[in-house]
Amino acid sequence: VTSLSGLPQWEVEELPVEDLLLFEVAWEVTNKVGGIYTVIQTKARTTADEWGDNYFLIGPYFEHNMKTQVEQCEPLNDAVKRAVDAMNKHGCQVHFGRWLIEGSPYVVLFDIGYSAWNLDRWKGDLWEACHVGIPYHDREANDMLIFGSLTAWFLKEVTDHAEGKHVIAQFHEWQAGTGLVLSRARKLPIATIFTTHATLLGRYLCAANIDFYNHLDKFNIDKEAGERQIYHRYCMERAAVHCAHVFTTVSEITAIEAEHMLRRKPDVVTPNGLNVKKFSAVHEFQNLHAMYKARIQDFVRGHFYGHLDFDLEKTLFFFIAGRYEFSNKGADIFLESLSRLNFLLRMHKSDVTVVVFFIMPAQTNNFNVETLKGQAVRKQLWDTAHSVKEKFGKKLYDALLRGEIPDMNNILDRDDLTIMKRAIFSTQRQSLPPVTTHNMIDDSTDPILSTIRRIGLFNGRTDRVKVILHPEFLSSTSPLLPMDYEEFVRGCHLGVFPSYYEPWGYTPAECTVMGIPSVTTNLSGFGCFMQEHVADPTAYGIYIVDRRFRSPDDSCNQLTQFLYGFCKQSRRQRIIQRNRTERLSDLLDWRYLGRYYQHARHLTLSRAFPDKFYMEPTSPPSTEGFKYPRPSSVPPSPSGSQASSPQSSDVEDEDEDERYDEEEEAERDRLNIKSPFPLGHVPDGKKK
């Protein structure tokens, strides 16, 4: 598929939002399940600023979420108020309020269980609309039918009382799709958009370790869905795609997938963004990196007690985080590349150590006793050193007051030496530092632990790569590693996400916004987006592994070279790279990416109400200068300006000071991000 910079351009005026009502429908409104929650939550502020009180989110009601996230209130819009009242009078429970997130958007929440008595009747309605039947044992699909039926009912009540206002409804994922199908079957006067964030069948196929992208045009879709017992869900998704006025997806790689899996080419690609918060002090994010890195170093001191024979100032922290999908998330290729990186660092006798964290939730019993003991030993040592320091300081202070230079042989007495010797003995351990922080329930069959056993990364003294599996999401209340995810990311040096199936990829995007370099792939939406918008992504700290056109072994070698090249950077080079990475955050701001959604709304209005809204296609304007250029100063990439072996973090090249002008580079990047670019349909082009 050709890049967005070559798409047809549509020139339209601003939408008259005062004459429109916008509804976004998703199962993850106030209900965190996966990445769609992040999309809707972060986009809410930008959309609410644009649409004001004419913007509403529709989702499911869960009592706990309602109590903790929603402030109940009465609808100010007459059509919405009458719709809520009408449904409540007819045996439904509809809750209305403001979602307590940035932007405080209005939310309409349906109690699914309260309306379950209508399920059989609504199954009949769906069959009449599109001849899709749902088996009684699929609880999730039944819940989605109830949710979709309530959504269609609500939208009918709204349009009946809209008093001349036009309604746009955007449905996210197959879970909300039945609402779109039923709305269209009942010929409701609404403009509809269906957004898929990942195709249902695509996720299943990739999880089965199939060569997915090279066989997209060869799959028997109906057969594959039937064999996985998701045929009815697939039909619900495909029906929604073909009923929508406008079909959108989150990335070009998913657009290719959707065209084959769902048999419709997406009309618009709508990349996912984030709420980017800029610090008033330009380098504040660098200060945060240093602060949170020190907290990770404290954890490492405890975890590796007795084996802390490496310099923490020359230690780099890498991490991978996300759902525990061993192949889809690229944990398999990451572990293999770590084994090769360990060999390279040992062969070159490097003094750089790499500590790698796997933050992937799995079933556990509790914390590992040895890991907890390590943190206790570290704290005890700290207390011992502190007490000796206090005693030493008092003696030194008294001697100086008397005008004497203290005798260093007498300033520490025998008791102090005994205490220090006991502290040293307490750090001795017979076993190697554990590779996991928790007791795993399926230790023998766990994919990550099984691979660690195969490649032999057991945190030995000679290993330059150390591995720590943390099978639980991070929390500031944890007794082990008391840090929130954002704090942890800021303290690391590199995020590694070599995913095979990643329709967008919020984890590397979050790293970019925080100024932390990351590894992604050309099979992730984020990686494709960066390849398109940045001339030399590596110079900006975005390493893109080719997992589409290379063999797994070649991809693994490429990832190993990226990691090894990063280890060879000096401290100054890493600081320069972090500055550049953080500047890319403007590209991922919803204030910038929201225009893609705006274009999709223009397009759906022109198709649903062609007599009222018209969009005339024009030739695209010039987009030269839009791409972030390759920086003229060094280092353009971690390997292009370095010696053949890793350097000390403290080594700095004087030539770099003269050739690197950060303010000049930053100003050029700021001008580039403001350059115009076209929006439009996904074009005809190569499929492979």
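1. In this predicted model, one residue pair ties two neighbouring strands together: Ala321 has Ile359 in S12 as its bridge partner. Strand S11 (residues 315-321) and S12 run parallel and are joined by 7 bridges. Another pair in this region is Phe318, which stands opposite Val356 in S12.

2. Strand S12 (residues 353-359) has 7 of its 7 residues buried, so the strand is largely enclosed by the rest of the structure. In a regular strand, side chains alternate between the two faces of the sheet. Both faces of S12 are covered. On one side Thr353, Val355, Phe357 and Ile359 are buried, and on the other side Val354, Val356 and Phe358 are buried. Two residues already named, Val356 and Ile359, thus fall on opposite sides of S12.

3. S11 and S12 belong to an open sheet of 6 strands, in the order S15-S12-S11-S16-S17-S18, with parallel pairing. The edges are strand S15 (465-470) and strand S18 (542-545); each has a single partner strand, so one side of each is left without a neighbour in the sheet. On average, and ignoring direction, neighbouring strands of this sheet are turned by 25 degrees against each other.

4. Helix H17 (residues 506-513) packs on this sheet. The strands that H17 touches are S11, strand S16 (494-496), strand S17 (518-521) and S18. The direction of H17 makes about 145 degrees with that of S17.

5. The next point concerns a helix pair. Helix H12 (residues 331-347) packs with helix H15 (residues 447-455) at an angle of about 25 degrees, and their axes are 10 Å apart. That angle makes H12 roughly parallel to H15, the cut-off for this class being under 35 degrees. The crossing in which H12 passes H15 is right-handed.

6. Which residues of H12 and H15 meet? From H12 they are Leu335, Glu336 and Ser339; from H15 they are Ile448, Thr451, Ile452, Arg454 and Ile455. Sorted by class, the contact of H12 with H15 has 4 nonpolar, 2 polar and 2 charged residues.

7. A further sheet is also open, with 9 strands in the order S4-S5-S6-S3-S2-S7-S8-S9-S10. The pairing in this 9-strand sheet is mixed. Strand S4 (70-72) and strand S10 (268-269) stand at its edges with a single partner strand each, so one side of each is left without a neighbour in the sheet.

8. Within the 9-strand order, S7 is followed by S8. Strand S7 (residues 166-172) and strand S8 (residues 190-196) run parallel and are joined by 6 bridges. Ala169 has Thr192 in S8 as its bridge partner. Helix H3 (residues 78-89) packs on the sheet and touches strand S2 (20-25), strand S3 (55-60), strand S5 (94-99) and strand S6 (106-110). The direction of H3 makes about 145 degrees with that of S5.

9. A second helix pair is formed by helix H6 (residues 173-185) and helix H9 (residues 231-243), which pack at an angle of about 50 degrees with their axes 8 Å apart. This makes H6 oblique to H9. The crossing of H6 and H9 is left-handed. In H6, the residues Trp174, Gly177, Thr178, Leu180, Val181 and Arg184 meet Arg233, Met236, Glu237, Ala239, Ala240 and Cys243 in H9. By class, this contact of H6 with H9 divides into 7 nonpolar, 2 polar and 3 charged residues.

10. Two loop positions deserve a look. Gly34 lies in the loop between S2 and helix H1 (35-51). Is Gly34 buried or exposed? Its relative accessible area is 19%, so Gly34 is buried, with the limit for that class set at under 20%. Along the chain Gly34 and Gly322 are 288 residues apart, yet their C-alpha atoms are separated by 9.8 Å.

11. Asp217 sits in the loop between helix H7 (200-207) and helix H8 (221-227). With 48% relative accessibility, Asp217 counts as partly exposed. The C-alpha atoms of Asp217 and Met261 are separated by 8.8 Å, with the two positions 44 residues apart along the chain counted as their distance apart.

12. Overall figures for the chain follow. The protein chain has 23 helices and 19 strands. Of its 688 residues, 59% are buried. Among contacts in the protein chain with a separation of 6 or more, 77% are between residues 24 or more positions apart.

How values were computed:
Residues numbered from 1 in each chain as written. Predicted model: local features only at pLDDT ≥ 70, side-chain atom pairs only at ≥ 80, totals over all residues. Heavy atoms only, no water. Axes fitted to C-alpha atoms, helices over the stretch in contact; angles between N-to-C directions. Helix = DSSP H or I, 4+ residues; strand = E, 2+ residues; numbered from the N terminus. Parallel < 35°, antiparallel > 145°, perpendicular 65-115°, else oblique. Left-handed = near helix turned anticlockwise from the far one by under 90°. Contact = heavy atoms within 4.5 Å. Nonpolar A, V, L, I, M, F, W, Y, C, P; charged D, E, K, R; others polar. Buried < 20%, exposed > 50% of the residue type's maximum accessible area, 1.4 Å probe, protein only. Pairing = 2+ DSSP bridges.
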